[in-house]
Each structure stands twice: as C-alpha cells, then as structure tokens.
Amino acid sequence: MSVYDKKVISIKDVEVSFDINTGALGENAVICFGIRKSGSTMLHKIVNQMAELKGYLPVDIPGVMFSNGLTVSDWKTDKRIGEIFVGGNVYTGFRAFPSLFSSMPAYKSARKVFMFRDPRDALVSQYFSDAYSHKIPEREGKGRDLFLAKREEALNTDINEYVLTKSAALRQTCMEYIPLLHDDSCLKLRYEEYVFQKKRLIFHIAKQYGWELSDDEAESILKDVDFVPEEENEKRFVRKAIPGDHREKLEKSTIRKLSHRFGRVLEEFDYY
C-alpha cells in the first residue's frame, strides 16, 4: 500500500521537500543509477514511467536538488539524505554515486539497475550538451550560475581540449561506480547494447525490479524513449546516439591520452 507523506530537509540552508511512501517500509527500495551522458536520461524516463504504471511516485533526489539550485557536491555526502531514503520507494535521477548510501540498510537490500557507456563517447556528448542543449536551472542561484559558466566555457573551447579538461571528473564518477559492477543485486546495462533495443531494455528492467509489465505498457513507455536521430544535430539533446562517436570527433592523440587516463575504468567496464 502506498501512503505518501511530505518530508522536508535543509541542504545548505535551502529547504527541499519530497513525497515519500511510508506505507510500504517493509518492501525493498528500487534504485536507478546512471552516468551522465551515458543514456541516463533515457533510463530514468523508463523507470519513472514504469514506476507510475505500478502505482509508485518516483523520488528524484538529484532532480529536486537541481531545481532548487543545488549542485551534486552540495548534497552528495549529506547524511540528511538518509532521512528520505527508505524501503518501499523508487529512487531515480542519479548520475553520480551517492557514497553515503553504502552504509544504509535500505541500500543493501535494494533492487538496483546501472547504465554506463564508453567514457570517451560520454565526454564527447558532454561537450555538445554543455555547449548547446543542457537545460539551465530556472531558479537563480549557484546551480544556475554553474551551468551558465559551463556553456560559456564549452562554446569557447576546442572539443579536444575540453574533453581532456573534463576527463578527471568523469573518471572519478566512473571509479565511484565500480563496486556496482561487482554487486549481485544490481543489473548492469551497457548503453551500446541497448540503444537500439529499448523494448528489450524495458523488460529487463521490469524483471530486475520484480514488476509484471504487459506488452501494451512496454509500448507506451517505448513511444517516449525510442528515438534515434536520422542525422546529427549538435543543438538537440539526443544529438547522435551512435556508439564510437569519439573516433570521429576527436584527434587520435586525444583518444590516446583519454585511453591512458581511463585505463582502470576501461578495464573494469570492459571497453578497449
């Protein structure tokens, strides 16, 4: 049974509220993890719609923080997040791993999915997103200022220089997710395997979460996410979606540097 209560916490003197299901605390939590520019928006859309079909109100912690002008670093390690992370809820929106979850009982028993992508392709996608298509927070504050600064930086920087500059941050994100690759309670989803097989992706996620999904329900979700552009448009959010894009966009010397910097990540995530 779903019974939703309003939970308000204060992060960096900003009050943020969440609707939390307190009527099913004995159930496992459900979590959806992704890495930025690695199919994460598609993944979270699928899980959000699937959850609503099953009678859950998804809890998008990063999305709520973003809309309130807070950056990931503002809340990522704040213990007050534990107040809104309980069993019986569906948590989406994560593109960076919230390390404080690891010590929470609700996390250990949760059903998890995790989507990832070749980080070299992700960096190319990040460049075009920062430069042209990423949504800017409407609320004034540090979060909005940060994204405006990202846009200006990308527009005034060569793509090769940009991806090399941003590689350390993405590498750190990937490294923090490595434990999920060895977590038996997590379904690992390789973006390259599913970008052209989204219906298969939908049913695999449903099975992982223990949800029955009809073909009609899967088709309704598919209509909102099954889009691959016929031609590249650098100013559109879904710009290209084709694996291996870094080989076309980056100089060979840049690719060699990235491959070296991401050595451990490429090994763990099985990219070469």
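User: In what order do the five strands of the open sheet stand, and is the pairing parallel or antiparallel?

Analyst: Two strands count as paired if DSSP finds at least two bridges between them. In this predicted model, five strands form an open sheet in the order S4-S5-S3-S6-S7, with parallel pairing. Strands (E, at least two residues) and helices (H or I, at least four) are DSSP runs, numbered from the N terminus. Strand S4 (59-60) and strand S7 (186-190) are the edge strands, each pairing on one side only.

User: Which residues stand opposite each other in S4 and S5, and how many bridges join S3 to S5?

Analyst: S4 and strand S5 (residues 90-94) pair in the parallel sense over two bridges, and Asp-60 stands opposite Thr-92 in S5. S3 and S5 also run parallel and are joined by three bridges. Phe-33 has Phe-94 in S5 as its bridge partner.

User: How many residues of S5 are buried, and which helices pack on or lie across the sheet strands?

Analyst: A residue is buried under 20% relative accessible area, exposed over 50%, and partly exposed in between (1.4 Å probe, protein chains only). S5 is mostly covered, with five of its five residues buried. For packing, contact means heavy atoms within 4.5 Å. Helix H1 packs on the sheet and touches strand S3 (30-34), S5, strand S6 (111-116) and S7. The direction of H1 makes about 160° with that of S5. H7 lies across S3, S5, S6 and S7, and runs at about 130° to S6.

User: What describes two packed helices, and at what angle do H1 and H10 cross?

Analyst: Two packed helices are described by the angle between their axes and the distance between the axes. Axes are lines fitted to C-alpha atoms, for helices over the stretch in contact, and angles run from 0 to 180 degrees between N-to-C directions. Here, the axes of helix H1 (residues 40-53) and helix H10 (residues 215-225) come within 10 Å and cross at roughly 145°. H1 contributes Met-42, Lys-45, Ile-46, Gln-49, Met-50 and Leu-53 to the contact, and H10 contributes Glu-217, Ser-220, Ile-221, Asp-224 and Val-225. By class, this contact of H1 with H10 has six nonpolar, two polar and three charged residues. Ala, Val, Leu, Ile, Met, Phe, Trp, Tyr, Cys and Pro count as nonpolar, Asp, Glu, Lys and Arg as charged, and the others, Gly among them, as polar.

User: How many residues does the largest nonpolar core have, and which have the most contacts inside it?

Analyst: A nonpolar core is a set of buried Ala, Val, Leu, Ile, Met, Phe, Trp, Tyr and Cys residues joined through side-chain atoms within 4.5 Å. The largest one has 55 residues, and Ile-61, Met-65, Phe-114 and Phe-269 have the most contacts inside it. Its largest share, ten residues, comes from helix H7 (residues 159-181). Another core, of 27 residues, lies apart from it, and includes Cys-32, Tyr-194, Leu-222 and Val-225. Leaving aside residues up to four places away in sequence, Phe-269 touches Ile-35, Phe-114, Phe-116, Cys-174, Tyr-177, Ile-178, Leu-181 and Arg-190.

User: What sign does phi have in most residues other than glycine, and what is phi of Asp-13 and of Asp-270?

Analyst: Most residues other than glycine have a negative phi. Asp-13 has a positive phi, near 65°, in the loop between strand S1 (4-11) and strand S2 (14-21). Asp-13 counts as exposed because its relative accessibility is 78%. Asp-270, in the segment after helix H13 (263-269), likewise has a positive phi, near 65°. Its relative accessible area is 45%, so Asp-270 is partly exposed.

User: Where does Gly-55 lie, and which residues does Gly-55 touch?

Analyst: Gly-55 lies in the loop between H1 and S4. Not counting residues up to four places away in sequence, Gly-55 touches Ser-2 and Tyr-4. The C-alpha atoms of Gly-55 and Ser-2 are separated by 7.7 Å, although the two are 53 residues apart along the chain.

User: How are residues numbered, and which pLDDT limits apply?

Analyst: Residues are numbered from 1 along each chain as its sequence is written, and side-chain values use heavy atoms, with hydrogens and water left out. Local features need pLDDT of at least 70, and side-chain atom pairs count only at pLDDT 80 or more, while totals for chains, interfaces and linings use all residues.
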